[in-house]
Structure formats: C-alpha cells, structure tokens
Amino acid sequence: MTISSAPGKVYLFGEHAVVYGEPAVPCAIERRATVTVERRSDDHIRVEARDLSLDGFTVEYTGDTEYRPDVDVPTALVDAAMGYVDAAVEQARDAADMPDAGFDIIVESDIPLGAGLGSSAAVVVAGIDAATRELNTPLDCREVARRAYNAEYDVQDGQASRADTFCSAMGGVVYVEGDECRRMTAPNLPFVIGFDGGAGDTGELVAGVRRLRSEYDFAAKTVGSIGEIVRQGETLLQNANPETTPGQALLTELGQFMDFDHGLLEALGVSSRTLDNMVWAAREAGAYGAKLTGAGGGGCIVALDETSETETALEYTAECHDVFRAELDRIGVRVEE
Ligand code: MEV
C-alpha cells in the first residue's frame with residue numbers, strides 16, 4: 001500500500017491567460033489531497049472517495065468506467081472527480097508499462113472541488129505518484145508533473161495549461177509560461193481565502209474566454225495584459241528577499257497587481273456576483289489586494305492581508321461560506337508514512 005499527498009494552490013496571477021502561452025504564478029498552499037493506492041490481483045479499480053468537501057461517497061469500477069455512487073452527491077462533480085482518478089490510473093499504468101494493473105484507491109481531500117484551489121491537479125498528482133510507486137516505478141517530481149498535465153489535458157479536452165499540475169507536484173511558488181515551468185524563490189505571502197461554497201465549470205469558462213479572445217481584438221489584448229501583470233509581478237517577487245517577511249511596499253504593489261488582474265478576469269466574463277462581493281469585502285477591510293483564483297464562475301477568492309481584518313470581514317459577508325488563512329506550502333508531492 002502506498003499513500004501520497006499533493007497540495008492545492010492559489011493563483012497569485014495569470015489564470016486563463018496561461019492557457020494561451022502567457023505566464024502565470026500559482027502558489028502551493030497547505031491544503032492537500034491524499035491518495036492511498038493498493039495493488040489488486042486482478043485488473044479492477046475500486047475507488048473510495050472520502051470527504052472531497054462533499055459528503056463521502058464510494059464508487060466501484062468493474063474494469064472499465066462503470067461506477068455507482070453510494071450516496072446522493074452532485075453527479076457532475078462525482079463524474080469530474082472520477083474522470084481525474086481514471087486518467088491518473090492510465091498514466092501510472094503507462095509509466096510502468098502494466099496496462100492491466102488493478103488498484104484499490106482511497107481519495108481524501110481538504111481542498112474544495114472545482115473551487116479554484118487546484119483540487120483535480122492535486123488528486124491527479126498524488127494519484128500518479130502513489131500508483132507508480134505501488135508498481136515499483138517511482139517517478140521524479142517533474143515526470144509526475146508532466147504525466148499529470150497529460151491526464152488533465154485528456155480530461156479537459158485539451159483545454160489545460162501546465163500551471164496547476166506543475167505547482168502541485170513541485171510545491172512553493174512557480175512560474176509557468178508555455179512549456180517553461182520553474183520554481184521561484186519568493187517570500188511567504190499572507191494569503192486569506194474566501195470560499196462561496198460553489199464551483200465553476202472550468203471547461204465552459206475556458207471556452208468562453210477562448211470565444212471572446214478569437215472574436216474581439218480587445219479581448220485578446222486583455223489576455224495579453226494579464227501576461228504583462230504576471231511578468232511585472234514575477235520581477236517584484238524575484239527582487240524580494242525570500243528569507244524575510246515581505247514588507248508593506250512589496251505587498252502594496254503585489255496587491256495592486258492582483259486587483260488589476262481581477263478586473264481583467266471580470267472583463268473576460270469569468271467572475272461572478274459572489275466572487276466580486278467577496279473581493280470587495282476584502283478590499284474594504286484593508287486587504288492589499290484581492291482577486292478570484294482559478295477558473296472562476298464561483299468558488300474562491302484570494303486576498304493579501306497579514307492582519308485579521310479581511311478574515312473578519314469575510315466571515316460577515318453573506319456570500320462567503322468559509323474563510324481561512326492559507327500558508328504557502330513549499331513541499332509538493334510527497335509520500336506519507
Ligand atoms: C484553472 O485552475 C486555471 C485555468 O487557467 C485553466 C488552466 O490553466 O488549465 C483557468
């Protein structure tokens with residue numbers, strides 16, 4: 001039996017634009033998906049998913065993609081989660097050249113599903129790591145990231161960047177621009193997350209931006225402007241001392257860039273009333289900046305604030321279902337004892 005875990009993430013800058021080769025800076029956070037994998041003697045796959053921030057459910061594969069949820073949970077979310085587990089298994093079988101390997105799999109996660117915190121990437125990364133180890137074919141983090149990207153690419157019909165999966169596999173703050181993926185040195189950033197209790201449909205949201213971008217030159221330029229924000233934000237982070245607490249000047253400028261990025265994402269149609277209301281609650285409470293994170297449409301915002309003001313304000317915001325502080329997680333995928 002092998003247990004691996006991988007972190008979720010927030011986007012400091014660059015979601016959506018990264019799909020078109022612009023850069024992005026996602027940051028791993030201390031919320032993890034944990035996948036337990038045990039080899040079976042047959043070729044069946046049994047998946048048990050506990051607390052995917054839904055009520056627990058159990059599904060059984062019978063060698064192909066048939067499964068039966070035990071309890072009543074939103075089918076679209078179950079389908080999505082199981083599609084990612086399926087794709088991770090295929091990548092592990094391929095890496096070990098064992099196309100008939102069967103597994104009992106348990107998925108546990110404290111990352112809300114489809115809410116912009118990289119839940120699917122974390123499940124795929126941890127799943128590939130645990131399954132390949134179970135088949136005595138351990139992969140290094142970069143190869144796990146590469147295969148996890150292939151898995152997401154398949155599930156999302158080619159509409160995925162390398163950002164989520166690379167960040168989850170490597171941990172810390174990363175820079176992704178096309179095929180260029182690297183770890184960055186960066187100080188700890190005081191992230192506060194607000195969650196509206198909902199989820200967005202990544203495929204639909206990405207397709208919406210794609211349509212706008214191909215139809216209107218100003219939408220294409222908006223995507224390019226997000227890329228410019230990311231490049232300037234990256235320079236700010238590179239010049240900061242990773243050993244010290246970030247100073248007010250750095251946080252103020254990063255926050256300004258986050259606000260700008262959120263405005264452009266809103267213009268591209270991927271925000272929502274609940275996300276906007278949480279963003280404004282954070283700003284009015286004195287956060288340095290606030291923006292949606294991930295695909296949008298519902299889910300989470302991320303704000304920068306080292307005081308407790310933003311958390312308190314979000315607790316009293318009707319649209320906010322949950323608020324928490326998220327520490328940067330400098331460790332990516334890892335084996336659990
Ligand atoms: C989703 O977490 C982030 C998007 O940029 C899609 C992707 O990068 O694959 C919207």
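So, the lining of the largest pocket: helix α1 gives the most to it, with 5 residues. Helices here are DSSP runs of H or I with at least four residues, strands are E runs of at least two, and both are numbered from the N terminus. A word on the source: this is a predicted model, where local features need pLDDT of at least 70 and side-chain atom pairs count only at pLDDT 80 or more, while totals for chains, interfaces and linings use all residues. Residues are numbered from 1 along each chain as its sequence is written, and side-chain values use heavy atoms, with hydrogens and water left out.

Back to that pocket. A pocket is an open set of points on a 1 Å grid over the protein atoms alone, with protein on both sides within 12 Å along at least five of seven lines; a cavity is a set where a 1.4 Å probe fits but cannot get out, and lining residues have an atom within 4 Å of a point. Points are joined across faces, edges and corners, and volume is the space filled by probe spheres set on them. The largest pocket holds about 720 Å³. Of its 37 lining residues, Tyr84, Ser120, Gln156, Thr202 and Gly203 are the closest to the centre. By class, the lining has 16 nonpolar, 15 polar and 6 charged residues; Ala, Val, Leu, Ile, Met, Phe, Trp, Tyr, Cys and Pro count as nonpolar, Asp, Glu, Lys and Arg as charged, and the others, Gly among them, as polar.

Which domains feed this lining? Domain 1 (2-184) and domain 2 (191-326) each give at least three residues, with bounds from an automatic or database domain assignment. Their centres, taken over C-alpha atoms, are 24 Å apart. The contact between them (heavy atoms within 4.5 Å) takes 30 residues from domain 1 and 41 from domain 2.

Now the cavities: there are 2 of 30 Å³ or more, and the largest has a volume of about 80 Å³. Its lining is 10 nonpolar, 1 polar and no charged residues, including Val35, Phe103 and Gly127.

Next, the largest nonpolar core: buried Ala, Val, Leu, Ile, Met, Phe, Trp, Tyr and Cys residues joined through side-chain atoms within 4.5 Å. Among its 108 residues, Leu12, Phe13, Val25, Ile105, Phe191 and Leu237 touch the most other members. Both domains give residues to this core, so it lies between them.

Last, aspartate 129, in helix α2. Buried or exposed? Aspartate 129 counts as buried, because its relative accessibility is 2% (buried is under 20%, exposed over 50%, partly exposed in between, with a 1.4 Å probe and protein chains only).
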